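Me: I would like to learn how to read a protein model. Can you take me through some features, one by one?

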Amino acid sequence: MSGDLQVHGIIEKGARQDATSPAHQLVPFREFDVLVSDYTLCLDTANVPQDLLAAAAMDHHRILLAYCRDFALLPLRFGAVFSGTNALADTMHRHEETYAEALRALADQREYTVELLVETAQVVPNTPSKDGRAFLNNRRSLRDQRRSISQNRMDIVNELRAQVTAISTRAPQHGVPKPEKALDMSVLLSPEATQKLEDLALGIQKRAAALGLRLCIKGPWPAYHFAWPDNSPEAQYGA
(Lines give C-alpha, C1' and ligand atoms only; values in the text may rest on other atoms or scores of the structure.)
Protein backbone atom coordinates (compact mmCIF):
# COMPACT_ATOMS: atom_id res chain seq x y z
CA MET A 1 0.00 0.00 0.00
CA SER A 2 1.25 3.48 -0.80
CA GLY A 3 -0.02 7.02 -0.41
CA ASP A 4 -2.67 8.08 2.07
CA LEU A 5 -4.18 5.34 4.23
CA GLN A 6 -7.57 5.31 5.90
CA VAL A 7 -7.77 3.43 9.18
CA HIS A 8 -11.17 1.83 9.69
CA GLY A 9 -10.65 0.12 13.01
CA ILE A 10 -8.44 -1.74 15.43
CA ILE A 11 -9.19 -5.43 15.81
CA GLU A 12 -8.06 -8.22 18.08
CA LYS A 13 -5.52 -10.73 16.85
CA GLY A 14 -6.79 -13.81 15.04
CA ALA A 15 -9.00 -12.33 12.34
CA ARG A 16 -8.55 -13.35 8.72
CA GLN A 17 -9.07 -10.82 5.98
CA ASP A 18 -12.67 -10.79 4.79
CA ALA A 19 -12.86 -11.16 1.02
CA THR A 20 -16.49 -10.11 0.66
CA SER A 21 -16.14 -6.51 1.89
CA PRO A 22 -14.53 -3.54 0.07
CA ALA A 23 -10.77 -3.73 -0.55
CA HIS A 24 -8.70 -3.42 2.62
CA GLN A 25 -5.84 -5.02 4.50
CA LEU A 26 -5.03 -6.17 8.01
CA VAL A 27 -1.81 -4.56 9.21
CA PRO A 28 -0.30 -6.41 12.20
CA PHE A 29 1.02 -4.78 15.35
CA ARG A 30 2.17 -6.35 18.59
CA GLU A 31 -1.12 -6.04 20.53
CA PHE A 32 -3.67 -5.91 17.70
CA ASP A 33 -4.20 -5.64 13.95
CA VAL A 34 -5.38 -2.55 12.09
CA LEU A 35 -7.92 -2.45 9.26
CA VAL A 36 -6.70 -0.07 6.56
CA SER A 37 -7.37 0.80 2.93
CA ASP A 38 -6.01 3.21 0.34
CA TYR A 39 -7.60 6.65 0.66
CA THR A 40 -8.16 8.17 -2.77
CA LEU A 41 -10.51 11.07 -2.02
CA CYS A 42 -9.47 14.68 -1.55
CA LEU A 43 -8.46 15.31 2.07
CA ASP A 44 -10.61 18.44 2.02
CA THR A 45 -13.98 16.67 2.04
CA ALA A 46 -15.76 19.92 1.25
CA ASN A 47 -14.48 19.44 -2.30
CA VAL A 48 -15.65 15.84 -2.59
CA PRO A 49 -19.01 15.17 -4.30
CA GLN A 50 -21.58 13.99 -1.78
CA ASP A 51 -22.30 10.76 -3.62
CA LEU A 52 -18.62 9.76 -3.54
CA LEU A 53 -18.36 10.69 0.13
CA ALA A 54 -21.46 8.67 0.98
CA ALA A 55 -20.16 5.65 -0.95
CA ALA A 56 -16.80 5.84 0.87
CA ALA A 57 -18.56 6.09 4.24
CA MET A 58 -20.64 3.03 3.38
CA ASP A 59 -17.50 1.10 2.42
CA HIS A 60 -15.99 2.06 5.78
CA HIS A 61 -19.08 0.71 7.54
CA ARG A 62 -19.14 -2.50 5.48
CA ILE A 63 -15.51 -3.27 6.34
CA LEU A 64 -16.20 -2.88 10.05
CA LEU A 65 -19.45 -4.82 9.78
CA ALA A 66 -17.61 -7.80 8.32
CA TYR A 67 -15.67 -8.30 11.55
CA CYS A 68 -17.71 -6.89 14.43
CA ARG A 69 -19.86 -9.97 15.04
CA ASP A 70 -16.94 -12.34 15.66
CA PHE A 71 -14.10 -10.15 16.94
CA ALA A 72 -13.49 -7.38 19.44
CA LEU A 73 -13.32 -4.28 17.28
CA LEU A 74 -12.52 -0.65 18.01
CA PRO A 75 -14.02 1.44 15.18
CA LEU A 76 -12.38 4.67 14.14
CA ARG A 77 -14.19 7.64 12.72
CA PHE A 78 -14.64 7.73 8.96
CA GLY A 79 -11.87 9.92 7.61
CA ALA A 80 -9.09 8.86 10.01
CA VAL A 81 -6.40 9.24 7.35
CA PHE A 82 -2.62 8.85 7.67
CA SER A 83 -0.01 10.01 5.18
CA GLY A 84 1.46 6.53 4.79
CA THR A 85 2.65 3.41 6.54
CA ASN A 86 5.32 5.24 8.55
CA ALA A 87 2.81 7.74 9.97
CA LEU A 88 0.42 4.91 10.76
CA ALA A 89 3.11 2.87 12.53
CA ASP A 90 4.30 5.88 14.51
CA THR A 91 0.81 6.64 15.82
CA MET A 92 -0.01 3.03 16.61
CA HIS A 93 3.24 2.47 18.49
CA ARG A 94 2.88 5.69 20.51
CA HIS A 95 -0.70 4.87 21.54
CA GLU A 96 -0.47 1.10 21.48
CA GLU A 97 -1.34 0.50 25.14
CA THR A 98 -4.21 3.00 25.05
CA TYR A 99 -5.68 1.32 21.99
CA ALA A 100 -5.10 -2.16 23.40
CA GLU A 101 -6.86 -1.21 26.65
CA ALA A 102 -9.84 0.26 24.79
CA LEU A 103 -10.00 -2.88 22.67
CA ARG A 104 -9.92 -5.17 25.72
CA ALA A 105 -12.82 -3.20 27.20
CA LEU A 106 -14.92 -4.24 24.20
CA ALA A 107 -14.06 -7.94 24.37
CA ASP A 108 -17.28 -10.00 24.11
CA GLN A 109 -19.31 -6.77 23.87
CA ARG A 110 -21.47 -5.85 20.89
CA GLU A 111 -23.53 -2.78 20.07
CA TYR A 112 -27.24 -3.05 19.25
CA THR A 113 -30.00 -0.56 18.54
CA VAL A 114 -33.37 -0.88 20.24
CA GLU A 115 -36.27 1.01 18.70
CA LEU A 116 -39.99 1.33 19.26
CA LEU A 117 -41.40 2.46 15.93
CA VAL A 118 -44.78 4.18 15.72
CA GLU A 119 -46.65 2.05 13.19
CA THR A 120 -50.08 3.67 13.45
CA ALA A 121 -51.48 6.94 14.69
CA GLN A 122 -53.76 6.90 17.69
CA VAL A 123 -57.09 5.79 16.24
CA VAL A 124 -60.12 6.07 18.48
CA PRO A 125 -63.57 5.17 17.04
CA ASN A 126 -65.93 8.14 16.86
CA THR A 127 -69.55 7.32 17.69
CA PRO A 128 -72.18 9.59 16.05
CA SER A 129 -74.00 11.79 18.56
CA LYS A 130 -77.78 12.23 18.57
CA ASP A 131 -77.91 15.44 20.60
CA GLY A 132 -75.71 18.08 22.25
CA ARG A 133 -75.29 16.21 25.54
CA ALA A 134 -74.27 13.02 23.75
CA PHE A 135 -71.88 15.03 21.56
CA LEU A 136 -70.12 16.49 24.60
CA ASN A 137 -69.97 13.12 26.33
CA ASN A 138 -68.56 11.55 23.18
CA ARG A 139 -65.86 14.23 22.88
CA ARG A 140 -64.92 13.72 26.51
CA SER A 141 -64.72 9.96 26.00
CA LEU A 142 -62.56 10.34 22.90
CA ARG A 143 -60.20 12.68 24.73
CA ASP A 144 -59.87 10.25 27.64
CA GLN A 145 -59.21 7.32 25.30
CA ARG A 146 -56.47 9.23 23.46
CA ARG A 147 -54.88 10.15 26.77
CA SER A 148 -55.05 6.52 27.83
CA ILE A 149 -53.32 5.35 24.64
CA SER A 150 -50.63 8.01 25.02
CA GLN A 151 -50.05 7.06 28.64
CA ASN A 152 -49.91 3.35 27.83
CA ARG A 153 -47.36 4.04 25.11
CA MET A 154 -45.27 6.11 27.49
CA ASP A 155 -45.48 3.38 30.11
CA ILE A 156 -44.18 0.72 27.73
CA VAL A 157 -41.40 3.04 26.50
CA ASN A 158 -40.26 3.74 30.06
CA GLU A 159 -40.49 0.06 31.00
CA LEU A 160 -38.42 -1.07 28.03
CA ARG A 161 -35.88 1.72 28.52
CA ALA A 162 -35.37 0.74 32.16
CA GLN A 163 -35.08 -2.97 31.41
CA VAL A 164 -32.58 -2.48 28.58
CA THR A 165 -30.54 0.00 30.61
CA ALA A 166 -30.29 -2.56 33.42
CA ILE A 167 -28.60 -5.13 31.16
CA SER A 168 -26.39 -2.77 29.15
CA THR A 169 -22.66 -2.84 29.92
CA ARG A 170 -22.46 0.94 29.67
CA ALA A 171 -25.03 3.72 29.84
CA PRO A 172 -27.16 3.58 26.68
CA GLN A 173 -26.93 6.34 24.10
CA HIS A 174 -30.22 7.85 22.95
CA GLY A 175 -31.03 9.08 19.47
CA VAL A 176 -32.69 12.40 18.68
CA PRO A 177 -36.46 12.08 19.34
CA LYS A 178 -38.54 11.71 16.19
CA PRO A 179 -42.31 11.42 15.69
CA GLU A 180 -41.91 8.00 14.08
CA LYS A 181 -39.75 6.63 16.92
CA ALA A 182 -41.08 6.39 20.45
CA LEU A 183 -37.72 4.97 21.56
CA ASP A 184 -34.29 4.95 19.92
CA MET A 185 -31.33 3.73 21.97
CA SER A 186 -27.92 2.20 21.36
CA VAL A 187 -26.71 -0.33 23.89
CA LEU A 188 -23.55 -2.34 24.54
CA LEU A 189 -24.31 -5.94 25.46
CA SER A 190 -22.51 -9.08 26.54
CA PRO A 191 -23.64 -12.42 25.04
CA GLU A 192 -25.69 -13.10 28.18
CA ALA A 193 -27.32 -9.68 28.00
CA THR A 194 -28.08 -10.22 24.31
CA GLN A 195 -30.08 -13.31 25.25
CA LYS A 196 -31.89 -11.30 27.94
CA LEU A 197 -32.73 -8.67 25.34
CA GLU A 198 -34.27 -11.34 23.12
CA ASP A 199 -36.33 -12.57 26.07
CA LEU A 200 -37.47 -9.00 26.80
CA ALA A 201 -38.52 -8.61 23.19
CA LEU A 202 -40.67 -11.74 23.33
CA GLY A 203 -42.39 -10.46 26.46
CA ILE A 204 -43.15 -6.97 25.21
CA GLN A 205 -43.71 -7.08 21.45
CA LYS A 206 -47.38 -8.14 21.58
CA ARG A 207 -48.23 -5.40 24.08
CA ALA A 208 -46.38 -2.90 21.91
CA ALA A 209 -48.21 -4.03 18.77
CA ALA A 210 -51.56 -3.57 20.50
CA LEU A 211 -50.61 0.10 21.00
CA GLY A 212 -49.49 0.62 17.40
CA LEU A 213 -45.79 0.23 18.21
CA ARG A 214 -43.27 -2.14 16.67
CA LEU A 215 -40.21 -3.27 18.58
CA CYS A 216 -37.13 -3.42 16.36
CA ILE A 217 -33.72 -4.72 17.48
CA LYS A 218 -30.79 -4.35 15.06
CA GLY A 219 -27.19 -5.46 15.27
CA PRO A 220 -24.63 -6.35 16.16
CA TRP A 221 -22.95 -3.16 14.96
CA PRO A 222 -19.42 -1.85 15.34
CA ALA A 223 -19.33 -0.15 18.75
CA TYR A 224 -19.59 3.34 17.28
CA HIS A 225 -21.19 4.82 20.40
CA PHE A 226 -18.92 3.12 22.93
CA ALA A 227 -15.46 3.00 21.36
CA TRP A 228 -13.90 5.88 23.26
CA PRO A 229 -14.65 7.72 26.53
CA ASP A 230 -15.67 11.30 25.82
CA ASN A 231 -12.73 12.63 27.85
CA SER A 232 -10.12 10.45 26.12
CA PRO A 233 -7.43 12.31 24.12
CA GLU A 234 -7.84 9.55 21.54
CA ALA A 235 -11.56 10.30 21.12
CA GLN A 236 -10.66 12.26 17.97
CA TYR A 237 -9.98 8.90 16.31
CA GLY A 238 -13.22 7.36 17.54
CA ALA A 239 -16.46 6.91 15.69
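Me: Let's begin with strand pairing. Which residue of strand 3 is the bridge partner of Gln6?
Reply: The partner is Ser37. Keep in mind that this is a predicted model. Gln6 and Ser37 belong to a longer pairing: strand 1 and strand 3 are joined by six bridges. The two strands run antiparallel.

Me: How many bridges join strand 2 to strand 3?
Reply: There are four, and this pair also runs antiparallel. Strand 2 covers residues 25-28. One of the pairings matches Pro28 with Asp33 in strand 3. Strand 2 and strand 3 make a hairpin, with four residues between them.

Me: What should I expect of side chains along a strand?
Reply: In a regular strand, side chains alternate between the two faces of the sheet.

Me: Is strand 3 largely enclosed or open?
Reply: Strand 3 is largely enclosed by the rest of the structure, because five of its six residues are buried. Buried here means under 20% relative accessible area.

Me: Now the nonpolar cores. What is the general idea?
Reply: In soluble globular proteins, nonpolar side chains tend to be buried together. In this model, the largest nonpolar core has 24 residues. Those with the most contacts inside it are Val7, Ile10, Phe32, Val34, Leu74, Leu88 and Met92.

Me: Which elements give two or more residues to this core?
Reply: They are strand 1, strand 3, helix 2 (85-94) and helix 3 (96-105). Helix 3 gives the largest share, four residues.

Me: Take Ile10. What is it in contact with, beyond its neighbours within four places in sequence?
Reply: The contacts of Ile10 include Phe32, Asp33 and Val34. Among them are also Ala72, Leu73, Leu74 and Leu76. Met92, Tyr99 and Leu103 complete the set for Ile10. There is a second, separate core too, with 21 residues. Tyr112, Ala193, Leu197 and Leu215 are among its members.

Me: How do I find empty space?
Reply: Rolling a probe the size of a water molecule over the atoms shows where empty space is left. The structure has one cavity of 30 Å³ or more. The volume of the largest cavity is about 50 Å³. Its lining includes Cys68, Phe71, Arg110, Glu111 and Trp221. By class, that lining has seven nonpolar, one polar and two charged residues.

Me: And pockets? What is the volume of the second largest pocket?
Reply: The second largest pocket has about 190 Å³. It is lined by 13 residues, and the closest to its centre are Gln6, Ser37, Asp38, Ala56 and Asp59. You met Gln6 and Ser37 as bridge partners.

Me: Which element gives the most to that lining?
Reply: Helix 1 does, with four residues. Strand 1 (5-11), strand 3 (33-38) and helix 1 (50-68) each supply at least two. The lining of this pocket has six nonpolar, five polar and two charged residues.

Me: Let's turn to the backbone. Where is there a cis peptide bond?
Reply: Look between Gly219 and Pro220. Omega there is about 5 degrees. Pro220 lies in strand 9, residues 213-221.

Me: Which residue has a positive phi although it is not a glycine?
Reply: Asp108, with a phi of about 60 degrees. Asp108 sits in the loop between helix 3 and strand 6 (110-118).

Me: Why does Asp108 count as exposed?
Reply: Its relative accessibility is 53%, so Asp108 counts as exposed. The cut-off for exposed is over 50%.

Key:
Residues are numbered from 1 along each chain as its sequence is written. This is a predicted model: local features need pLDDT of at least 70, side-chain atom pairs count only at pLDDT 80 or more; totals for chains, interfaces and linings use all residues. Side-chain values use heavy atoms; hydrogens and water are left out. On a 1 Å grid over the protein atoms alone, a cavity is a set of points where a 1.4 Å probe fits but cannot get out, and a pocket is an open set with protein on both sides within 12 Å along at least five of seven lines; lining residues have an atom within 4 Å of a point. Grid points are joined across faces, edges and corners, and a volume is the space filled by probe spheres set on the points. Ala, Val, Leu, Ile, Met, Phe, Trp, Tyr, Cys and Pro count as nonpolar, Asp, Glu, Lys and Arg as charged, and the others, Gly among them, as polar. A nonpolar core is a set of buried Ala, Val, Leu, Ile, Met, Phe, Trp, Tyr and Cys residues joined through side-chain atoms within 4.5 Å. Buried means under 20% relative accessible area, exposed over 50%, partly exposed in between (1.4 Å probe, protein chains only). Contact means heavy atoms within 4.5 Å. Two strands pair if DSSP finds at least two bridges between them.
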